[in-house]
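Please open the structure in your viewer and keep the selection tool at hand. The tour moves from one selection to the next.

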Amino acid sequence: MPILRRMIRLGLIFVLLTGRTLLCAQTAPVAVEYQLKAVFLFNFTKFVEWPADAFNSDQEPFVIGVLGGNPFGSYLEDVGAGEKVNGHPLVIKYFKTLDEVKSCHILFVNKAGITNLSDLLSAIKGRSILTVSDASDFLRSGGMVRFYINSNNKVQLQMNQDAAKTARLQISSKLLRLTDKYEPK
Amino acid sequence: MPFHDLPIQKKLMRASLLISGMVLFVTCTTFFTYEFFKSRQEVKEKLETLGKVISANSTAALAFDNPTDASEILSALKLEPHIESACLYNKEGILFAHYPDSVHLTSFPTKPAGEGYFFSQSFLDGFQPIVLGDKRLGTLYIKSDLSDIYDRFRLYFLITAGVIAVSFLLAYLLSVILQKNISLPVLALVETAKAISEHKDYSVRARKYNKDEVGLLIDAFNEMLVKIQEQNMTLSEFNTTLEQKVKTRTSELEIANKELESFSYSVSHDLRAPVRAINGFAAILERSHSDQLDKEGKEFLHTILREAGRMGHLIDDLLAFARLGKKEVQKTMVDMTTLAKETVDELLKLDSENNATKINVKTMAPALCDAVLVRQVFINLISNSLKFSHNKPDAFVEIGSLEEGGVVTYYVKDNGVGFDMRYYNKLFGVFQRLHSYEEFNGTGIGLAIVHRIVTRHGGHVRAEGKINEGAVFYFSLSSLIPVNH
């Protein structure tokens with residue numbers, strides 16, 4: 001029955017093509033807050049400079065990793081699709097455990113999925129990874145950029161410059177203007 | 001006064017001022033135009049640069065959705081007082097931040113429009129896209145007032161006005177000095193020429209200032225003066241000698257003339273007595289002793305009487321002619337027509353044999369003359385005509401006047417025997433006769449008297465004639481009399 005077979009095949013392709021959208025449609029819509037954070041994560045690539053040895057080759061992708069569950073839905077892909085960072089193709093990766101984090105340049109740590117921040121951060125200390133999170137004690141634990149909501153209900157940035165310096169990341173002064181400085185007590 | 005009639009000094013002044021004015025005008029206009037476009041360009045470039053700087057600075061603020069920071073960045077524009085207002089739109093085209101705070105949001109364009117900066121009446125504004133890498137983050141709108149340009153223009157205007165004033169003054173002063181170089185020699189030459197023509201003093205020389213064309217002219221002028229002076233000298237010398245000569249000759253002539261006149265007068269006067277004696281005694285002889293004479297003797301006596309009478313006439317005429325030289329001409333306005341008619345009547349009364357001659361007296365112009373003398377002229381001319389034409393069967397005499405070149409000429413015309421123009425020279429001489437006494441009697445003084453009278457009036461006499469066809473005698477009484485009389 002070639003016709004029937006073909007019909008099944010077409011149906012499969014249809015499911016494959018539309019599946020993701022269907023899946024997304026099924027999940028809860030991403031909060032505006034996270035849409036904004038996704039854009040911010042991508043924008044970090046423009047205002048932060050990574051050392052040359054962060055890449056093994058020119059073709060090596062620029063990796064934005066998300067650890068501990070994906071709060072962005074497909075939004076991060078939407079923002080970064082087809083983009084390049086200084087010639088490196090942008091790739092979004094979702095990590096479940098720290099062990100999976102190998103090649104990575106921006107790591108978003110979802111506060112929901114991580115219990116021991118200090119261990120995690122000390123594990124990647126010294127590597128040129130811009131660590132970003134919305135966890136409240138993230139900077140105290142050694143993280144670099146923290147998202148928080150200010151009194152105007154706007155997403156704001158706080159930065160631990162020392163940590164970035166240690167990771168040999170150069171933060172643009174323009175970005176620094178926007179961020180609250182973290183002063184370790 | 002039109003330009004070409006102006007004195008040379010003013011002409012030079014005006015020319016140089018006009019030229020410098022034109023040059024200044026063109027230069028300043030060029031300068032002004034150049035500065036106008038340049039300053040517009042500069043202001044535009046400045047705003048563009050400013051826009052680029054603001055755009056570059058505001059990338060992060062737009063990227064991280066931070067209007068506070070964006071406003072802060074925009075507020076840096078207060079250092080640039082010409083910036084009236086500015087605002088940022090995010091990539092969705094929604095107003096994101098604005099400057100200054102006092103400006104109401106409605107005064108900004110609701111949406112970003114096309115890229116670029118444009119001038120309008122009193123401001124310059126434009127949109128500057130804000131791009132990061134290849135991503136459009138938003139748009140900057142910036143608006144600048146043009147007081148910068150206007151301030152600059154005010155300054156330029158003041159400078160230009162100053163430059164024009166100073167240059168014009170300099171041009172004026174320079175032309176005052178330089179034009180003297182040209183005009184002074186010319187004016188001096190003119191003054192000299194004027195002085196010469198007024199005072200007729202050819203010993204004056206024009207002063208030479210420069211070796212230019214005017215200098216050459218002055219040289220030529222002076223040379224001409226030298227020549228004139230020389231010629232004047234020879235001329236006056238010549239004149240003096242000539243005058244001297246004329247004086248001597250005139251006095252010599254006068255003396256000779258007087259001598260001649262007194263001689264002829266005394267001769268005529270002295271001749272009169274013996275002729276009267278001859279006449280008287282011949283008459284007595286004829287009256288009282290003719291019976292003692294035979295026929296031949298009577299004939300001789302008759303001849304003696306006739307010739308003695310003729311002699312007496314001659315002497316009378318000669319005396320009259322001589323007296324004419326002494327008599328003064330007393331001019332009055334004379335009706336020539338009446339005068340001629342009276343003369344004709346008188347002559348016909350005296351000699352009735354001429355009644356057959358047709359005499360036509362035309363209306364003539366009056367003349368300013370001595371009536372007694374001119375009557376004599378008419379008597380002589382008309383009697384001549386009657387005398388020389390009465391042999392003709394259809395004799396006629398015409399008296400009239402005509403105008404020749406502003407001069408009234410009177411004429412007496414007949415169709416008598418006329419005369420040969422070859423002997424014209426003899427016509428007006430004393431005792432000159434073209435016909436024999438036997439043919440036509442007369443003393444040969446009549447035309448000489450006519451000539452003398454006419455000449456004494458300042459007029460001219462002339463005659464035209466042809467043998468057997470008649471003669472015309474023309475005379476005028478003054479060289480010029482008014483035409484409209």
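The stops below cover a strand, a helix and a contact between chains.

This is a predicted model, in which local features need pLDDT of at least 70 and side-chain atom pairs count only at pLDDT 80 or more, while totals for chains, interfaces and linings use all residues. Residues are numbered from 1 along each chain as its sequence is written, and chains are lettered from A and ligands numbered from 1 in the order in which they are written.

Select strand β2 of chain A, residues 62-67; helices (H or I, at least four residues) and strands (E, at least two) are DSSP runs, numbered from the N terminus. Six of the six residues of β2(A) are buried, where buried means that 20 or more other C-beta atoms, placed from the backbone, lie within 10 Å of the residue's own. F62(A), I64(A) and V66(A) point one way, whereas V63(A), G65(A) and L67(A) point the other way.

Add β4(A), residues 88-95, which pairs with β2(A) in the parallel sense over six bridges, pairing being at least two bridges found by DSSP; here F62(A) stands opposite L90(A). Then add β5(A), residues 106-109, which pairs with β2(A) in the parallel sense over four bridges, with G65(A) opposite L107(A).

Move to α6(B), residues 295-324, where A308(B), D317(B), L318(B) and F321(B) are buried. The buried residues of α6(B) pack against α5 (213-289) and α9 (446-456) of chain B, contact being C-beta atoms, placed from the backbone, within 7 Å.

Finally, select the contact between the chains, which takes eleven residues from chain B and eleven from chain A. Helix α2 of chain B, residues 59-63, gives the most to the side of chain B that touches chain A, with four residues.

Methods: Two residues are in contact if their C-beta atoms, placed from the backbone, lie within 7 Å. A residue is buried if 20 or more other C-beta atoms lie within 10 Å of its own, exposed if 12 or fewer, and partly exposed in between; C-beta atoms are placed from the backbone. The expected span of a helix is 1.5 Å times one less than its number of residues.
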